Amino acid sequence: MNAICKSSSGPLALVARILLAAIFISAGLSKLTGFDGIVGYIASKGLPLPAVLAALTIALEVLGGIAVVIGYKARVAGFLLAGFSVVAAFIFHNFWAVPADQAYIQNIMFMKNLSMAGGLLLLTVFGAGGFSVDAKNKANES
């Protein structure tokens, strides 16, 4: 089993990065088409400079997601997206402070964000793996 895992680690790492980044890239792109709504939602949470935060969020989600997929500076991108996911969980999915009929879905969304952060922290610790720009750059340095 170890030999099979080792020989397929490059393709599996690529698939894992794609799956991990898909939610960020799609969310960031959808925020572009609904920018005013996102700005309003951020403002409704009492955060300052909602238009700036919305633009920064879009940039982080799209560019960070792409960096994870291609494995470029994947540790940094993973760390930033993990931090973003945790902060977003507490600000936007505070299930403990919503009406009972919303608590269940907000709890799921909160836990989803924490789970994504866990996967991104693994990426931060272990790196992009095979089939990545980072792996190619490391090989070129040797």
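From the N terminus on, the elements of the chain run α-α-α-α-α-α-α, which amounts to seven helices and zero strands. Helices (H or I, at least four residues) and strands (E, at least two) are DSSP runs, numbered from the N terminus. The structure is a predicted model, in which local features need pLDDT of at least 70 and side-chain atom pairs count only at pLDDT 80 or more, while totals for chains, interfaces and linings use all residues. Residues are numbered from 1 along each chain as its sequence is written, and side-chain values use heavy atoms, with hydrogens and water left out.

**Overall dimensions and burial**

Taken along the principal axes, the C-alpha atoms of the chain fill a box of roughly 50 × 30 × 20 Å. Buried residues make up 29% of the 142 residues; buried means under 20% relative accessible area, exposed over 50%, and partly exposed in between (1.4 Å probe, protein chains only). The chain exposes about 8500 Å², of which carbon and sulfur atoms supply 73%. Accessible areas come from the Shrake-Rupley method with a 1.4 Å probe, and for residues only the protein chains shown count as cover. Of the contacts (heavy atoms within 4.5 Å) with a separation of 6 or more, 70% are accounted for by residues 24 or more positions apart.

**Nonpolar cores**

A nonpolar core is a set of buried Ala, Val, Leu, Ile, Met, Phe, Trp, Tyr and Cys residues joined through side-chain atoms within 4.5 Å. The largest such core has 13 residues, and those with the most contacts inside it are Phe24, Val68, Leu81, Leu120 and Leu123. Two or more residues are given to this core by each of helix H2 (9-33), helix H4 (50-70), helix H5 (74-92) and helix H6 (100-126). Apart from it lies another core, of five residues, including Val39, Ile42, Ala54 and Phe92. In soluble globular proteins, nonpolar side chains tend to be buried together.

**Helix H6**

The 27 residues of H6 should span 39 Å at 1.5 Å a residue, and the end C-alpha atoms are 39 Å apart, which agrees. The expected span is 1.5 Å times one less than the number of residues. Gln106, Phe110, Asn113, Met116, Ala117, Leu120, Leu123 and Thr124 are buried in H6, and the buried residues of this helix pack against H2, H4 and H5. Not counting residues up to four places away in sequence, Leu120 touches Leu20, Phe24, Gly78, Leu81, Ala82 and Ser85. With the same exclusion, Thr124 touches Arg75, Gly78 and Phe79; Thr124 is buried, with a relative accessible area of 18%. Just after H6, Gly127 takes a positive phi of about 85°.

**Salt bridge**

A salt bridge is a side-chain nitrogen of Lys or Arg within 4 Å of a carboxyl oxygen of Asp or Glu. By this rule the count comes to one salt bridge. Glu61 forms a salt bridge with Lys31, the closest N and O atoms being 3.1 Å apart. Glu61 lies in helix H4 and Lys31 in helix H2, so the pair ties together parts that are 30 residues apart in sequence. Glu61 counts as buried at 4% relative accessibility, and Lys31 is also buried, with a relative accessible area of 16%.

**Surface patch**

Val86, Phe90, Trp96, Met111 and Leu114 make a nonpolar surface patch of about 460 Å². Patches are made of residues with over 30% relative accessible area and no salt bridge: like charges are joined within 9 Å, nonpolar side chains (Val, Leu, Ile, Met, Phe, Trp, Tyr) within 5 Å. H5 and H6 are the elements that give two or more residues to the nonpolar patch. Phe90 lies in helix H5 and counts as partly exposed at 44% relative accessibility.

**Loops and backbone**

Most residues other than glycine have a negative phi, and most peptide bonds are trans. Two residues that are not glycine have a positive phi here, as tabulated.

| Residue | Phi | Loop | Relative accessible area |
|---|---|---|---|
| Lys73 | about 50° | between H4 and H5 | 49%, partly exposed |
| Phe131 | about 55° | between H6 and helix H7 (133-141) | 54%, exposed |

Gly40 lies in helix H3 (residues 35-44) and counts as partly exposed at 39% relative accessibility. The C-alpha atoms of Gly40 and Pro50, 10 residues apart along the chain, are separated by 7.4 Å.
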